[in-house]
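Student: I would like a close look at one part of this protein. Please start with a single pair of facing residues and work outwards from there.

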Amino acid sequence: QVQLVESGGGLVQAGGSLRLSCAASRSIFSVMGWYRQDPGKQRELVADITNRGTTNYADSVKGRFTISRDNAKNTVYLQMNSLKPEDTAVYYCYYRFVRDYWGQGTQVTVSS
């Protein structure tokens, strides 16, 4: 079992920045990433990163968000810059190893 604990969400004005963190309870060996979900919408992939550092981003966040990981700390980060109101959602961390593990979610609200 792997527990994922997210932090770093909050309220920010449009154009601002936030940094999300997700700490795993044990060593991570595979893909980690972030999804987001707004009420009434499907959960969508924001970004993910392999254990070797290969990254993948949704088109809507390319150039604004950066995903990174620190394997020594079992942690993945999502730096979000130039935030827009449409980025408002609950952000979920996930880890894919044999099965998917999910964090509890952290709210990000971007005001216009």
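**From one strand pair to the charged network**

Tutor: Val5 sits opposite Ala23, a residue of strand 3. Keep in mind that this is a predicted model. Val5 belongs to strand 1, which covers 4–7. Strand 1 pairs with strand 3, residues 18–24, in the antiparallel sense. Four bridges hold that pairing.

Now widen the view to the sheet. Four strands make up an open sheet, and their order is 1-3-8-7. The pairing is antiparallel. Strand 1 and strand 7 (65–70) are the edge strands, each pairing on one side only. Neighbouring strands in this sheet are turned against each other by 15 degrees on average, with direction ignored.

Next, look at Leu4. Leu4 also lies in strand 1. Its contacts include Cys22, Ala23 and Ala24. Leu4 also touches Met32, and among its other partners are Cys93, Tyr94 and Tyr95. Further along the chain, Leu4 meets Tyr101, Trp102, Gly103 and Gln104. That list leaves out residues up to four places away in sequence.

Leu4 is part of a bigger group. The largest nonpolar core has 29 residues. Leu4, Trp34, Leu78, Met80 and Tyr91 are the ones that touch the most other members. Several strands each supply at least two residues of this core, including strand 3, strand 4 (31–37), strand 8 (75–80) and strand 9 (89–97). Strand 5 (44–49), strand 7 and strand 11 (106–111) do so too.

Two of the residues that Leu4 touches, Cys22 and Cys93, deserve a stop. A disulfide joins Cys22 to Cys93, with 2.0 Å from S to S. The structure holds one disulfide. Cys22 is in strand 3 and Cys93 is in strand 9, so the link spans distant parts of the chain, 71 residues apart. The angle about the S-S bond is -80 degrees, and the link is left-handed. Both cysteines, Cys22 and Cys93, are buried.

Strand 4 leads us on to charge. Side chains of opposite charge can pair when their charged atoms come close. This structure holds five salt bridges. In one of them Arg36 pairs with Asp87, and the closest N and O atoms are 2.9 Å apart. Arg36 is in strand 4, while Asp87 is in the loop between strand 8 and strand 9. These two are 51 residues apart. Are they buried or exposed? Arg36 has 6% relative accessibility, so Arg36 counts as buried. Asp87 is at 1%, so Asp87 counts as buried too.

Asp87 has another partner. Asp87 forms a salt bridge with Arg64, with 2.7 Å between the closest N and O atoms. Arg64 lies in the loop between strand 6 (55–57) and strand 7, so this pair ties together parts that are 23 residues apart in sequence. Arg64 counts as buried because its relative accessibility is 10%, and buried means under 20%.

One more salt bridge joins Asp100 to Arg96, the closest N and O atoms being 2.7 Å apart. Asp100 is partly exposed, with a relative accessible area of 27%. Arg96 also counts as partly exposed, at 35% relative accessibility. Shared partners join the salt bridges of Arg36, Glu44, Arg64 and Asp87 into one network.

Conventions: Residues are numbered from 1 along each chain as its sequence is written. This is a predicted model: local features need pLDDT of at least 70, side-chain atom pairs count only at pLDDT 80 or more; totals for chains, interfaces and linings use all residues. Side-chain values use heavy atoms; hydrogens and water are left out. Two strands pair if DSSP finds at least two bridges between them. Axes are lines fitted to C-alpha atoms, for helices over the stretch in contact, and angles run from 0 to 180 degrees between N-to-C directions. A nonpolar core is a set of buried Ala, Val, Leu, Ile, Met, Phe, Trp, Tyr and Cys residues joined through side-chain atoms within 4.5 Å. Buried means under 20% relative accessible area, exposed over 50%, partly exposed in between (1.4 Å probe, protein chains only). Contact means heavy atoms within 4.5 Å. A disulfide is a pair of cysteine sulfur atoms within 2.5 Å. A salt bridge is a side-chain nitrogen of Lys or Arg within 4 Å of a carboxyl oxygen of Asp or Glu.
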